[in-house]
Amino acid sequence: MALTLYVDTARWRAHHKHVQEQFPGLVPVCKGNGYGFGHERLAEEATRLSADILAVGTTYEAARIKDWFGGDLLVLTPYRRGEEPVPLPDRVIRSVSSVDGVYGLVGARVVIEVMSSMKRHGISERDLPQLHAAIENVRLEGFAIHLPLDRTDGSDAVEEVIGWMDRLRAARLPLHTMFVSHLKADELARLQQQFPQTRFRARIGTRLWLGDHEATEYRGAVLDVTRVTKGDRFGYRQQKAASDGFLVVVAGGTSHGVGLEAPKALHGVMPRAKGVARAGLATVNRNLSPFVWGGKQRWFAEPPHMQVSILFVPADAPEPNVGDELVAHLRHTTTQFDRLVDK
């Protein structure tokens with residue numbers, strides 16, 4: 001009995017090819033938990049796409065993935081002097097976001113990140129004059145810019161990239177390759193048309209692996225079902241059942257990421273109102289689970305355990321049976337499955 005990720009493999013891979021066609025020179029990204037699929041599986045899929053570079057989050061991820069992917073590995077986390085050394089092959093390319101970082105990587109292959117409106121990390125315009133000397137002792141693979149997802153000020157992503165292209169060109173720095181993130185296909189095409197001598201390479205993770213929501217589905221197996229009547233005590237905290245129904249033990253707990261949710265940016269009155277309502281219910285131990293039964297998301301009977309969750313299903317709903325599987329609405333990037341099944 002397990003929490004299972006089911007993958008409609010043909011549909012999933014068809015989506016990969018569609019994205020690859022939209023973004024020539026695509027650099028697949030495999031970081032964190034491998035977008036819910038795991039590093040080994042995504043390395044295999046990147047190889048299937050004939051990708052020459054796979055982007056990873058950290059040097060530790062690069063050390064693990066190097067045995068599963070034969071092409072170049074681009075580490076997205078910028079190099080910092082004093083970081084723990086990790087043995088890596090020469091095909092690993094390091095991102096750098098400071099002049100000092102470039103000087104610290106003598107002989108290495110590097111991609112220099114520029115500071116975007118994200119304001120996370122990157123070389124500033126005032127750093128550009130110092131780069132000429134710094135890049136003489138590294139193998140420069142190109143520059144990179146990481147753009148925000150939302151542009152609430154109405155600004156144009158393409159114009160932001162053009163601005164940096166003009167600054168780099170004015171500083172007489174090599175512009176053979178620019179790695180970009182969070183651009184649309186038509187935006188990338190506009191840039192390529194305006195700068196034909198530069199190769200633009202889109203680093204894509206979420207859109208590539210998770211862009212077709214219908215291609216994947218999590219399901220948790222029912223392990224036990226116990227009938228309860230109103231007032232019966234149950235669980236670790238011996239709470240009372242609010243009404244007649246069933247306690248359903250389903251595979252999927254905190255070790256899988258169930259009950260753990262990354263904060264979301266809320267826009268608009270209705271989403272904020274729903275967020276307030278959820279917070280209010282949580283104060284009286286009412287938390288909606290990600291598991292669906294009888295066409296409805298069911299409430300946690302109590303907080304999820306390490307490997308299972310206990311749900312409350314009211315008496316007027318169909319009674320689940322041991323072995324049934326409940327669809328679970330889980331976030332791929334925070335979920336760890338027990339098994340993956342291709343179908």
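**Exercise 1. In which sense do S7 and strand S8 (residues 177-181) pair, and over how many bridges?**

Before the solution, some ground rules. This is a predicted model, where local features need pLDDT of at least 70, side-chain atom pairs count only at pLDDT 80 or more, and totals for chains, interfaces and linings use all residues. Residues are numbered from 1 along each chain as its sequence is written, and side-chain values use heavy atoms, with hydrogens and water left out.

Solution.

Step 1. Fix the terms: helices (H or I, at least four residues) and strands (E, at least two) are DSSP runs numbered from the N terminus, and two strands pair if DSSP finds at least two bridges between them.

Step 2. Look at S7 and S8: they pair in the parallel sense, over four bridges.

Step 3. Check the register: Phe-143 sits opposite Met-178 in S8, and Ala-144 sits opposite Phe-179 in S8.

Step 4. Follow the chain from S7 to S8: it goes through helix H6 (residues 157-170), and this β-α-β crossover is right-handed. That label applies if, with the strands pointing away from the viewer, the path from the first strand over the helix to the second runs clockwise.

**Exercise 2. Work out what strand S6 (residues 109-114) does for S7, then place both in the sheet.**

Solution.

Step 1. Count the bridges: six join S6 to S7, and these strands run parallel. One partner to find on screen is Gly-142 in S7, the bridge partner of Val-111.

Step 2. Trace the connection: from S6 the chain passes through helix H5 (residues 128-134) to S7, again as a right-handed β-α-β crossover.

Step 3. Read the whole sheet: it is open, has eight strands in the order S2-S9-S8-S7-S6-S5-S4-S3, and its pairing is parallel. At the edges are strand S2 (27-28) and strand S3 (53-56), each pairing on one side only.

Step 4. Ask how covered S7 is: six of the eight residues of S7 (residues 139-146) are buried. Buried means under 20% relative accessible area, exposed means over 50%, and partly exposed lies in between (1.4 Å probe, protein chains only).

**Exercise 3. Which residues of helix H2 (residues 39-48) are buried, and what covers them?**

Solution.

Step 1. List the buried ones: His-39, Arg-41, Leu-42, Ala-43, Glu-45 and Ala-46.

Step 2. Recall some helix geometry: an α-helix has 3.6 residues a turn, so residues three or four places apart point the same way.

Step 3. Find the cover: it includes helix H1 (9-22), S2, S3, helix H3 (59-65), H8 and strand S18 (339-342).

**Exercise 4. Where does Ser-50 lie, and is Ser-50 buried or exposed?**

Solution.

Step 1. Locate the residue: Ser-50 is in the loop between H2 and S3.

Step 2. Check the backbone: phi of Ser-50 is near 60 degrees, a positive value in a residue other than glycine.

Step 3. Check the surface: Ser-50 is exposed, because its relative accessible area is 63%.

Step 4. Try another case: Lys-119, in the loop between S6 and H5, has a positive phi of about 55 degrees although it is not a glycine. Lys-119 counts as exposed too, at 66% relative accessibility.

**Exercise 5. Compile a profile of the second largest pocket.**

Solution.

Step 1. Define the object: on a 1 Å grid over the protein atoms alone, a pocket is an open set of points where a 1.4 Å probe fits, with protein on both sides within 12 Å along at least five of seven lines; lining residues have an atom within 4 Å of a point.

Step 2. Give the volume, about 750 Å³. Here grid points are joined across faces, edges and corners, and a volume is the space filled by probe spheres set on the points.

Step 3. Name the lining: there are 26 residues, and His-146, Leu-149, Ser-181, His-182 and Arg-203 lie nearest the centre. Strand S9 (199-204) and helix H8 (206-210) each supply at least two lining residues.

Step 4. Sort the lining: nine residues are nonpolar, eight polar and nine charged. Ala, Val, Leu, Ile, Met, Phe, Trp, Tyr, Cys and Pro count as nonpolar, Asp, Glu, Lys and Arg as charged, and the others, Gly among them, as polar.

Key
Contact means heavy atoms within 4.5 Å.
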